[in-house]
Amino acid sequence: MAKNPNTCLFIGHHDASDNLYPVILEAIGELIAQGITEFWSGGYGHFDHMCERAVREWKTRGAAIKLVLALAYMPKSDEETQRYLSTFDETFLPDLSSCPVRLAISRRNEWLARHAEHVLFYVQHPFGGAAKTLSIAQHAGAIIHPICTQASPDPFRGGAA
């Protein structure tokens, strides 16, 4: 399966701490310096939202990059949802036509993990949706970039540096 060149997918926990934002901002700057031009978000959880914010900040600094939202299904048409969607350069819906709605998010995540060239991740335990998506990306040959802090240098063990 062909990777989409110069793409980076965000994978992380929905309850990631705000303290990660400076680390995320720096990591995205490093990815931009390496030639990454397109950043993919699933749009769920605090980690994704911090990554989206960091990409927007780099764009205001003049980086020639795109922020893309990958949908699992067609979104609501309410005003708040439309306002959120308008903050992306692009949105797309992978072909999940044969997928039951209850599995749409996990299938979308699997599709993204198989197609992204790079992954920026914050996964603190080897179970759950983020860990599963990260595992798929690793097996698909994605280049992985962990978000680590002094408090948790190993993405699965935590502990001091």
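Student: Is Lys 59 buried, exposed or partly exposed?
Tutor: The relative accessibility of Lys 59 is 27%, and the classes are buried under 20%, exposed over 50% and partly exposed in between (1.4 Å probe, protein chains only). Keep in mind that this is a predicted model, where local features need pLDDT of at least 70, side-chain atom pairs count only at pLDDT 80 or more, and totals for chains, interfaces and linings use all residues. Residues are numbered from 1 along each chain as its sequence is written, and side-chain values use heavy atoms, without hydrogens and water. With its 27%, Lys 59 therefore counts as partly exposed.

Student: Which residue forms a salt bridge with Lys 59?
Tutor: A salt bridge puts a side-chain nitrogen of Lys or Arg within 4 Å of a carboxyl oxygen of Asp or Glu. For Lys 59, the closest N and O atoms of the pair are 2.8 Å apart, and the partner is Asp 89.

Student: How many residues apart in sequence are the parts that this pair ties together?
Tutor: Helices and strands here are DSSP runs, numbered from the N terminus (helices H or I, at least four residues; strands E, at least two). Lys 59 belongs to helix H2, while Asp 89 sits in the loop between helix H3 (79-85) and strand E4 (90-92), so the parts they tie together are apart in sequence by 30 residues.

Student: Which residues form a network with Lys 66 through shared salt bridges?
Tutor: Lys 66 pairs with Glu 38, with closest N and O atoms 3.5 Å apart; this links strand E2 (residues 38-41) to strand E3. Lys 66 also bridges to Glu 90, at 2.7 Å between the closest N and O atoms, which links strand E3 to strand E4. Through these shared partners, Lys 66 is in one network with Glu 38 and Glu 90.

Student: Is Glu 38 buried or exposed?
Tutor: Relative accessibility settles this, and for Glu 38 the value is 17%. Because of that value, Glu 38 counts as buried.

Student: Which side chain makes a polar contact with the side chain of His 118?
Tutor: His 118 lies in strand E5 and is buried because its relative accessibility is 8%. A polar contact is a pair of N or O atoms within 3.5 Å; within protein, one must be able to donate a hydrogen and the other to accept it, and residues adjacent in sequence count only if both atoms are side-chain atoms. At 2.7 Å, the side-chain partner of His 118 is His 145.

Student: Which element gives the most residues to the largest nonpolar core?
Tutor: A nonpolar core joins buried Ala, Val, Leu, Ile, Met, Phe, Trp, Tyr and Cys residues through side-chain atoms within 4.5 Å. The largest one has 27 residues, and Phe 10, Ile 24 and Ile 28 are among those that touch the most other members. Strand E1 (4-12), helix H1 (21-33), helix H2 (45-60), strand E3 (66-70) and strand E5 (116-122) each supply at least two residues. The greatest share, six residues, comes from H1.

Student: Is Val 101 buried or exposed?
Tutor: Val 101 is found in the loop between E4 and helix H4 (104-115). Its relative accessible area is 66%, so Val 101 is exposed.
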